[in-house]
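Trainee: Could you take me through one helix packing in this model, up close? I'd like the geometry and then who touches whom.

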Amino acid sequence: MYPMAPLIRTALNATARVAPGPAGRWAFHLFVRPLGRARVRPEEQPLLASARTGHLQVRGKDVVTYAWGDGRRPVLVVHGWSSRASRLTALIEALLACGYSPVAFDAPGHGDSSGRASNIVEYRETIRELHARHGDFEAVVAHSFGVLAALFALRDGVRTARFVGLGGVGSFDLLLAGFRAGLGLDERVVRCMRDHVERRIAPGEPGIWDRFGADRDPGELGAPVLLFHDEGDDMVPLAQARLLARAHGDRARLVVTRGLGHRRILTDPAVVAEAVEFLTAPADEPSPSEAPVTAG
């Protein structure tokens with residue numbers, strides 16, 4: 001993942017001891033870089049061609065947005081890290097078929113948007129802008145890191161009637177642990193990065209770092225939650241979905257799949273059908289906290 005990891009490790013760990021500011025900036029710069037830019041797949045092209053494409057300015061970056069349908073019953077769709085909106089084509093097409101108006105975006109540094117990096121604060125700002133433009137969402141559907149980012153925004157003024165998460169990250173600490181392990185960084189480097197975020201990225205929001213975790217203050221969401229997660233997900237452990245399900249209590253249901261991994265879960269017909277059924281079901285319909293494993 002980091003070809004120069006030994007050099008970076010040595011330099012960052014040493015810099016954090018004598019110059020915390022530069023160490024925090026450098027570490028943050030590495031942490032928020034996507035692992036490449038996903039391209040549109042052939043099967044995704046017709047859906048993108050039918051979208052109304054728009055643009056937002058988020059911290060000096062041009063964010064490309066997409067909208068379908070007649071504008072009524074908007075549903076926000078949020079892609080994951082190193083991904084793009086078109087990866088959720090199967091879900092967007094199913095939402096359109098049911099009369100919803102899907103809204104999506106390519107985060108900064110992703111898809112067709114500008115920039116070389118993004119972060120959870122920029123995701124939140126983009127989602128806020130789309131909420132202001134389209135009104136309260138009938139639902140929010142998110143994948144992977146998009147789950148973490150969407151729930152952060154939904155605890156901060158954005159409103160939705162329902163939430164669907166697929167292969168979702170629940171704990172911000174999981175991302176930090178992977179970053180530290182990948183480079184062999186000291187805890188001191190993470191403290192420098194936290195200081196950089198709170199002083200430079202979100203200076204008017206003291207303690208924002210502690211609010212990144214998707215299990216933080218779950219009562220603020222106040223909406224039913226459906227979670228899908230594959231037992232063999234090699235990117236995000238199933239424990240993350242169980243953490244989210246516990247945090248949201250009786251409002252949440254977890255469906256554990258087999259054989260879909262982290263990406264095919266987005267296109268599996270059974271998953272798509274169950275997500276749509278959840279969105280169209282009566283609001284007071286009871287459900288078990290964890291559904292049986294479904295075949296992939």
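Mentor: Sure, let's start with handedness: helix 5 crosses helix 6 in a right-handed way (right-handed if the near helix is turned clockwise from the far one by less than a right angle, left-handed if anticlockwise). Bear in mind that this is a predicted model, where local features need pLDDT of at least 70, side-chain atom pairs count only at pLDDT 80 or more, and totals for chains, interfaces and linings use all residues. Numbering runs from 1 along each chain as its sequence is written, and side-chain values use heavy atoms, leaving out hydrogens and water.

Helices here are DSSP runs of H or I with at least four residues, strands are E runs of at least two, and both are numbered from the N terminus. Helix 5 covers residues 120-134 and helix 6 residues 145-154; their axes sit 9 Å apart at an angle of about 60 degrees. Axes are lines fitted to C-alpha atoms over the stretch in contact, with angles from 0 to 180 degrees between N-to-C directions. That angle is why helix 5 counts as oblique to helix 6 (under 35 degrees is roughly parallel, over 145 roughly antiparallel, 65 to 115 roughly perpendicular, the rest oblique).

As for who touches whom (heavy atoms within 4.5 Å), helix 5 brings I120, Y123, R124 and I127, while helix 6 answers with F145, L148, A149, A150, F152 and A153. By class, that's nine nonpolar, no polar and one charged residues; Ala, Val, Leu, Ile, Met, Phe, Trp, Tyr, Cys and Pro count as nonpolar, Asp, Glu, Lys and Arg as charged, and the others, Gly among them, as polar.

For context, the protein chain has 10 helices and nine strands, and its C-alpha atoms fill a box of roughly 60 × 40 × 35 Å along the principal axes.
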